[in-house]
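Work through the exercises below with the structure in view. Each task is followed by a solution in steps.

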Amino acid sequence: MPFDAIELSSVAIGGRVLSVSDEFFAEAYHLLLVEPAISLKGQFGPNGALYSGWETRRHNPDHDWCIIQLGTPGSIIGFDIDTSHFNGNEAPRASVDAFRGDTDEFPSKDDSRWKELLAPVDLGPNAHHLLPIPRSEPVNFVKLKMYPDGGIARFRVYGHVVPVIPQDPTHVFDLAHVFAGGSVVETSDQHFGVGSNLVLPGRGKDMGDGWETKRSRQKGHKDWAIIKLGIPGYLQYMEIDTAHFKGNFPESCEAHASLDSKEWTLVLPRTKLGPHRQHYFQLENVEGQPFTHVRVTIHPDGGMKRVRVMGSRSPSVPAMSTPNPINTATPTSTVPVLPLTPEAFAPFGKVIQAYQDHATVPKGTKITPANGGTATKFHKLALLENRYPNTLDATTGLSVYRCKPINVHDGKINVNVMERHRYTNQAFIPMSSTNGTGYLVVVANGGDKPDMTTLRAFLAQPGQGIVYDTAVWHQPMTVLGDQDVDFTCVETQVGNGGTEDCEIVELEEDNVISLRL
């Protein structure tokens with residue numbers, strides 16, 4: 001099958017068995033499982049030998065059937081009817097019917113809409129049968145028939161999805177998602193996990209349903225995957241998910257984007273990754289330019305679960321469900337507010353938090369039991385810094401900020417003022433409830449003024465504190481919700497807290513940035 005074909009029937013995208021004529025020896029749900037069929041030779045249940053597949057009773061006078069709803073509507077280009085480990089009890093012949101109906105219906109085996117896509121073909125024992133067909137009209141129900149009875153291990157329906165595109169041209173969605181028509185068209189290596197998993201829905205169940213390359217032994221090695229977006233679009237940010245990859249996640253990654261795979265633009269500089277978590281990165285060099293492909297490069301190797309490429313469709317691309325699409329959209333310059341993670345915040349400071357799973361703690365962090373075994377200590381998540389001249393009497397202490405919530409209009413917040421501290425870093429640890437909404441952390445790098453091209457915005461959760469690195473520009477603490485929040489501030493001050501180390505800049509009107517929650 002073509003590299004960019006999607007397994008439309010897979011349970012990984014929601015494929016399911018609706019009804020079946022018989023499954024006396026082995027249940028039909030096995031047909032759609034992601035993993036290959038395994039041998040259960042020598043194992044028996046109350047009805048007989050066990051098989052990883054669908055097996056019916058003997059002596060059917062005509063045929064058995066299984067009705068399957070595809071995970072998403074698509075145009076079928078072929079099938080894999082797999083009889084692995086069925087030998088002497090395999091189905092001798094099979095055919096496939098299909099049609100498109102409403103997503104919430106349960107068609108019967110005699111529905112008049114069934115149309116034959118694959119005429120009866122001979123099957124052999126313990127083998128994959130790859131059966132291409134001319135590209136069909138979009139369908140979402142298939143009926144697998146076997147003549148007269150027997151066993152089939154796996155049934156894979158390959159094709160191209162009918163893209164689901166938002167009607168609103170300004171709506172931000174995952175352009176790479178399989179349901180939007182995204183597909184992985186090329187990879188450098190997929191030794192342990194295939195690249196096409198990167199665009200599937202959800203976060204999967206284990207390392208087996210992600211993309212994982214073999215271990216490299218050469219200095220400077222890197223692996224990569226190229227994703228074709230479902231439609232051309234304006235990019236905003238990416239999610240890199242390393243769920244379940246705890247000791248084999250990539251050390252770092254970078255991303256490039258392209259229009260028609262001709263010239264590649266760096267949109268995410270090489271950035272460190274962490275184990276078993278979702279990373280959110282705002283993209284660079286994407287303003288005003290639509291893209292069709294994204295290349296994700298990992299250093300030096302490893303595994304990741306999903307890649308989400310968030311953006312809006314190009315105005316020239318109509319929504320699939322809109323007869324008269326609105327083509328007035330322009331690429332937004334609003335800065336997205338992304339979840340706070342240690343890796344994304346690293347250019348600006350440190351994240352202070354505990355970790356339930358010790359395998360997900362940033363590399364190098366010392367962890368020890370404490371309080372007689374009733375607590376866990378995560379050592380030195382951030383160090384204090386003091387660059388004051390020796391002639392100044394500076395001391396480190398604890399202060400408390402009581403912060404009032406800000407007003408949010410239409411999901412947007414303006415950044416009008418930023419400050420920095422050239423001589424010290426500052427830690428802010430929430431002490432009171434944030435009402436579950438968290439607080440905003442807005443930062444930028446730069447010299448005498450903030451470099452607005454580096455501005456990033458994060459949503460910190462109640463259990464997270466932050467440390468601003470020395471000389472990092474930041475918006476004053478910004479609380480959401482409807483309650484005041486107290487923050488403990490760890491800072492180094494001269495005397496009783498003068499202004500020697502606090503520079504405040506009011507942004508000019510044309511530099512004011514809006515944040516979208």
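**Exercise 1.** For residues 181–313, find how much of the chain is helix and how much is strand, and how far apart the end C-alpha atoms are.

Solution. The model is a predicted one. Step 1: over residues 181–313 the helix content is 0% and the strand content is 50%. Step 2: the end C-alpha atoms of this span are 12 Å apart. Step 3: turn to residues 14–161, where helix is 0% and strand 47%; the end C-alpha atoms there lie 13 Å apart. Step 4: look up the annotation. UniProt, in an unreviewed entry, places the feature "domain: Allantoicase" at residues 14–161 and 181–313.

**Exercise 2.** State which domains the domain assignment gives, and how far the centres of domain 1 and domain 3 are from each other.

Solution. Step 1: the assignment lists domain 1 (6–161), domain 2 (172–314) and domain 3 (349–516). Step 2: taken over C-alpha atoms, the centres of domain 1 and domain 3 are separated by 56 Å.

**Exercise 3.** Describe the second largest pocket by its volume and its lining.

Solution. Step 1: the volume is about 900 Å³. Step 2: 35 residues line the pocket, and Glu7, Val34, Val194, Ser196 and Asn197 lie nearest its centre. Step 3: two or more lining residues come from each of β1 (6–7), β6 (64–82) and β12 (154–161). The largest share, three residues, is from β12. Step 4: sorted by class, the lining has 16 nonpolar, nine polar and 10 charged residues. Step 5: domain 1 and domain 2 each supply at least three residues to the lining of this pocket.

**Exercise 4.** Classify the ring pair of Phe24 and Phe25, and say whether each residue is buried, partly exposed or exposed.

Solution. Step 1: the whole structure holds 12 aromatic pairs. Step 2: the ring centres of Phe24 and Phe25 are 4.9 Å apart and the planes meet at 90 degrees, so this pair is edge-to-face. Step 3: the relative accessible area of Phe24 is 30%, so Phe24 is partly exposed. Phe25, with 27%, is also partly exposed.

**Exercise 5.** Do the same for Phe99 and Trp114, and place both residues in the chain.

Solution. Step 1: the centres are 4.7 Å apart and the planes at 80 degrees, an edge-to-face pair. Step 2: Phe99 belongs to strand β7 (residues 93–99) and Trp114 to the loop between β7 and β8 (115–122), so the pair ties together parts 15 residues apart in sequence. Step 3: buried means under 20% relative accessible area. Phe99 has 5% and is therefore buried; Trp114, at 12%, is buried. Step 4: ring pairs link Phe99, Trp114 and Phe141 into a cluster.

Note on methods. Residues are numbered from 1 along each chain as its sequence is written. This is a predicted model: local features need pLDDT of at least 70, side-chain atom pairs count only at pLDDT 80 or more; totals for chains, interfaces and linings use all residues. Side-chain values use heavy atoms; hydrogens and water are left out. Domain bounds come from an automatic or database domain assignment. UniProt positions are given in the numbering used here, feature names are shortened, and annotations may be inferred rather than shown by experiment. Helices (H or I, at least four residues) and strands (E, at least two) are DSSP runs, numbered from the N terminus. On a 1 Å grid over the protein atoms alone, a cavity is a set of points where a 1.4 Å probe fits but cannot get out, and a pocket is an open set with protein on both sides within 12 Å along at least five of seven lines; lining residues have an atom within 4 Å of a point. Grid points are joined across faces, edges and corners, and a volume is the space filled by probe spheres set on the points. Ala, Val, Leu, Ile, Met, Phe, Trp, Tyr, Cys and Pro count as nonpolar, Asp, Glu, Lys and Arg as charged, and the others, Gly among them, as polar. Rings of Phe, Tyr and Trp (its six-membered ring) pair if their centres lie within 6.5 Å; planes under 30 degrees apart count as stacked, over 60 as edge-to-face and the rest as tilted. Buried means under 20% relative accessible area, exposed over 50%, partly exposed in between (1.4 Å probe, protein chains only).
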